[in-house]
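Q: I would like to learn how to read aromatic rings in a protein model. Could you walk me through it?

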Amino acid sequence: MSESRLIDTAAAREILRANDRDGHTVPTDGLYPFQWSWDSAITALGWQTFDEDRAWREAEVMFDGQWGNGMLPHILFHGGNADSYFPGPSVWGSRTRIPSSAISQPAIWATTLGMMLERAADRKLAETRLAPLVPKLVDYHRWWYRERDPDGTGLIVSYHPWESGMDNSPAWDKPLARVPEVEWTYERRDLGHVDSDQRPHKPEYDRYLYLVDFYKRHDFNSRVIYEECPYRVIDVALVALLHRASIDLLPLCAHFGITEGVEEVEAGISRTQAAIDRLWNDERRCFLSFDTRADEPLDVITTGTVLPLFAGLASDAQASAMLELIEEWLDASTVGLASTHPASPLYEPKRYWRGPIWSHINWMIALSAEAAGRPDIAERLQSDTRRLINEAGFWEYFDPDAVAGCGGDRFSWTAAVALYWLA
Ligand code: GLC
């Protein structure tokens, strides 16, 4: 059966090599020609299976673009050809040494680097390369807690759907609809690479760009942005992934004797633990993101809404409710796990984060299910992901009903997940 067929590791390695740009890996050639933060974290785990030196380099190059205030940008525009991507550095307007965007992405680096230390065949190399990165991780986590939760609520906020990494998730429809549209005209580059029915619509794009302009207009001033940004959302996945990463960061700090800033990380962890229940929804059987501008929960079940499982933030009762939900959700499409629950009227199986399956999310949910005592769900997610890659190829994301690849082909994180999880 195709599910049990072995992953073509030679092909997966070849994709990473082909997407290597002198120390950073582009997500895919053409559509995403620079370094994206959470792609890079996942991709490093893939590199580690056959080139440990190159895996550590991926992280070093990323943290080289860290801002002075600790922020790790979601895109680093390395090299000269910035116009090949839209919106490029001139639209973002940040004046950093390595041109970059002005928002971050899910903070999974401490988690993945911790895993890399554990898995390292060359332990000495791992220790040497990771040591200088740990204080940078601490700075990054402090930035999240300080700048994105200035009132100490325990729940960090996000200022852009792109920051979630789940760009056009239907969870963001309502808060995004209240953002004005930009008035200038522009040419999208993504539509030159991928069919428009697999990408976000123009009105969404106009609002994405309004926000990019907004940060620049306010000179990236954190306090002003916190107070005035028209989009300010508690993204439960962003909260959960930061929380898990903070927990994973503490043993790294202890191991490398780093003490500065650790108390702030510990305080952030405690505050989130105390606050997370505010996002729980009994009827939906999961946590929901929250729009702090409209003061209302964002009532859409997405793969993001079960990620508190990955962070150990759910009580036993909440965990079993979510696992039950996930099981039904897996049954609702040919393969899983669809990024939006197929029963939702907003489900679109081909459109990016509105339905398609993403391999790295399946991996995180599988780890969560396993940790929660449901290895059967973990195995199901694993065999579905293997089937998709074997039948369709190393695509950016997959149609859960048609069992077909969508978006960009020869995609780095899909190849990486195949190498470290499926092979
Ligand atoms: C899209 C995805 C985001 C990813 C980026 C590069 O913006 O939504 O999660 O990081 O592409 O692959």
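Q: Which residues form one aromatic cluster here?
A: This is a predicted model, and in it one aromatic cluster is formed by Y32, F34, W36, W38, F77, Y85, Y352, W353, W358, Y397, F411 and W413.

Q: How many aromatic pairs does a search of the whole structure find?
A: The search finds 29 aromatic pairs. One of them joins F63 and W109, with 5.7 Å from centre to centre and 80° between the planes. Planes over 60 degrees apart count as edge-to-face, and the F63 and W109 pair is edge-to-face.

Q: Where in the chain do F63 and W109 sit?
A: F63 belongs to helix α3 (residues 52-63) and W109 to helix α5 (residues 109-119). The two are 46 residues apart, so this pair links distant parts of the chain.

Q: Are F63 and W109 buried or exposed?
A: Here the cut-off helps: buried means under 20% relative accessible area. F63 has 3%, so F63 is buried. W109 has 0%, so W109 is buried too.

Q: Why is the pair of F77 and Y85 called tilted?
A: Their ring centres are 6.3 Å apart and their planes meet at 40°, so the pair is tilted. Both F77 and Y85 are buried, and both belong to the aromatic cluster.

Q: Which residue lies over the face of Y352, and which over the face of Y205?
A: R199 lies over the face of Y352, at 4.5 Å from the ring centre; Y352 is also one of the cluster residues. Over the face of Y205 you will find R188, at 3.9 Å from the ring centre.

Methods: Residues numbered from 1 in each chain as written. Predicted model: local features only at pLDDT ≥ 70, side-chain atom pairs only at ≥ 80, totals over all residues. Heavy atoms only, no water. Phe/Tyr/Trp six-rings, centres within 6.5 Å; stacked < 30°, edge-to-face > 60°. Helix = DSSP H or I, 4+ residues; strand = E, 2+ residues; numbered from the N terminus. Buried < 20%, exposed > 50% of the residue type's maximum accessible area, 1.4 Å probe, protein only. Lys NZ or Arg CZ within 6 Å of the ring centre and 35° of its normal.
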